[in-house]
Amino acid sequence: LQARLAELPAITSVGMNALAPVDKNGRLEPAFEGDKLAGLRNGGYAVKAPADRVRAMRDRSGSALDFELDELSAMNSTELKRALGTKPGLIVVRSRELDDAGEVGMHLGTFDHTLTLLRSAVSLLQQAGVERFVIASDHGFLLQDNGAQKVPFSSNKRAADRRHVLTSTPSGMPDVLEVPFVALEYDTETPQYLVLRQDTALWDVAPKIAPFVHGGNSLQERVIPVLVVERQGRRVS
């Protein structure tokens with residue numbers, strides 16, 4: 001079990017796509033849709049969706065199969081072996097269940113179920129001959145209650161997201177963490193700055209407190225566990 005830092009901002013469009021091999025000499029190139037950060041570029045195409053991530057992994061590994069976690073969990077051993085065919089170099093199993101459940105306020109009531117599906121998927125893949133697993137996430141999250149603090153960024157609530165602001169000019173605000181993209185080793189055509197709270201308060205973007213948030217620089221959001229599992233007695237030195 002090791003720890004890695006999620007990319008900033010710790011949001012799905014950055015973190016999930018950074019899991020694919022999209023860096024060039026240690027640098028990332030963000031992909032925008034208007035003023036929104038939609039993903040990362042990999043050479044001549046943008047990596048924004050699951051199919052794009054698998055394409056980037058396939059470019060690096062030579063072959064890659066793609067499964068959703070619930071799809072894989074519904075298979076039996078025979079069905080999985082048939083789906084795998086000749087042994088691929090990489091099998092990608094992905095899920096947004098934790099994120100989706102958190103966003104609708106069902107978080108803690110469903111997390112155990114998702115982790116049970118993950119454990120079952122590992123067992124099923126082991127039966128099919130897979131020997132090495134890397135289990136990771138894109139970022140972590142904060143669970144909030146109605147007592148959470150909201151802080152205005154500007155009079156325009158649409159300028160901010162819940163835990164970060166992306167702006168083309170420095171904000172000049174005191175008591176914030178302001179990070180230029182160049183300091184994160186991101187390559188952009190025009191300067192970009194991330195403005196982050198130094199605490200767990202939210203930017204005031206909605207009437208209600210969101211119970212599940214991410215995008216900031218807190219320990220819970222940035223540090224992600226990476227679990228590597230190998231079958232005993234099969235490790236090659």
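Trainee: What does the protein average in pLDDT?

Mentor: The average is 90, and 97% of the residues score at least 70. Keep in mind that this is a predicted model.

Trainee: Where is confidence lowest, and where is it highest?

Mentor: Helix 5, residues 97–103, is lowest with a mean of 86. Strand 4 is highest, at 97.

Trainee: Let's look at strand 3. Is it enclosed or not, and why?

Mentor: Strand 3 covers residues 36–42, and five of its seven residues are buried, so the rest of the structure largely encloses it.

Trainee: What does strand 2 do with strand 3?

Mentor: Strand 2, residues 30–33, pairs with strand 3 in the antiparallel sense, over four bridges. One residue pair to look at is Phe32, which has Leu37 of strand 3 as its bridge partner.

Trainee: And the turn between them, how many residues does it have?

Mentor: Two residues lie between the strands of that hairpin, and Gly34 takes a positive phi near 65 degrees there.

Trainee: What about strand 3 and strand 4, how many bridges join them?

Mentor: Three bridges, with the strands running antiparallel; strand 4 is residues 45–47. Leu40 stands opposite Val47 of strand 4. This pair also forms a hairpin with two residues between the strands, and Gly43 in the turn has a positive phi of about 65 degrees.

Trainee: Switching to the inside. Which residues touch the most other members of the largest nonpolar core?

Mentor: Val22 and Ala56, in a core of 19 residues. The elements that give two or more residues to this core are strand 3, strand 4, helix 2 (50–61) and strand 12 (193–197). Helix 2 supplies the largest share, three residues.

Trainee: What is Ala56 in contact with, leaving aside its neighbours within four places in sequence?

Mentor: Ala56 is in contact with Ala20, Pro21, Val22, Asn42, Tyr45 and Val47. Val47 is the residue that Leu40 stands opposite.

Trainee: Which residues are in the other core, the one of 13 residues?

Mentor: Phe67, Leu117, Leu124 and Phe133 are among them, and that core lies apart from the largest one. As background, nonpolar side chains tend to be buried together in soluble globular proteins.

Trainee: On to sheets. In what order do strands 1, 15 and 7 come?

Mentor: The order is 1-15-7, in an open sheet of three strands with antiparallel pairing. Strand 1 (2–5) and strand 7 (132–135) are the edge strands, each pairing on one side only. From one strand to the next, the twist averages 25 degrees.

Trainee: How many bridges join strand 1 to strand 15?

Mentor: Four, and the two run antiparallel; strand 15 is residues 223–230. Gln2 has Val226 in strand 15 as its bridge partner.

Trainee: What about the sheet with strands 10, 12 and 11, what is its order?

Mentor: That open sheet of three strands has the order 10-12-11, and the pairing is antiparallel. Strand 10 and strand 11 are at the edges with a single partner strand each, so one side of each has no neighbour in the sheet. Neighbouring strands are turned by 20 degrees against each other on average, with direction ignored.

Trainee: What joins strand 10 to strand 12?

Mentor: Four bridges, in an antiparallel run. The bridge partner of His164 in strand 12 is Leu196.

Trainee: Now the odd backbone spots. Which residues does the cis peptide bond join?

Mentor: Leu8 and Pro9, with omega about -10 degrees. Pro9 sits in the loop between strand 1 and helix 1 (12–18).

Trainee: What is phi of Asn25?

Mentor: Phi is near 55 degrees, a positive value in a residue other than glycine. Asn25 is in the loop between helix 1 and strand 2.

Trainee: Is Asn25 buried or exposed?

Mentor: Asn25 is exposed, at a relative accessible area of 83%. Asp175 also isn't a glycine, and it has a positive phi of about 60 degrees. The loop between strand 10 (164–167) and strand 11 (176–180) holds Asp175. Asp175 is exposed, at a relative accessible area of 64%.

Trainee: Last one. What does the side chain of Asn76 reach at the start of helix 4?

Mentor: A side-chain oxygen of Asn76 comes to within 3.1 Å of the backbone nitrogen of Thr78; helix 4 is residues 77–84. Just after helix 4, Gly85 has a positive phi of about 60 degrees.

Terms used. Residues are numbered from 1 along each chain as its sequence is written. This is a predicted model: local features need pLDDT of at least 70, side-chain atom pairs count only at pLDDT 80 or more; totals for chains, interfaces and linings use all residues. Side-chain values use heavy atoms; hydrogens and water are left out. Buried means under 20% relative accessible area, exposed over 50%, partly exposed in between (1.4 Å probe, protein chains only). Two strands pair if DSSP finds at least two bridges between them. A polar contact is a pair of N or O atoms within 3.5 Å; within protein, one must be able to donate a hydrogen and the other to accept it, and residues adjacent in sequence count only if both atoms are side-chain atoms. A nonpolar core is a set of buried Ala, Val, Leu, Ile, Met, Phe, Trp, Tyr and Cys residues joined through side-chain atoms within 4.5 Å. Contact means heavy atoms within 4.5 Å. Axes are lines fitted to C-alpha atoms, for helices over the stretch in contact, and angles run from 0 to 180 degrees between N-to-C directions. pLDDT is the predictor's confidence in each residue, from 0 to 100.
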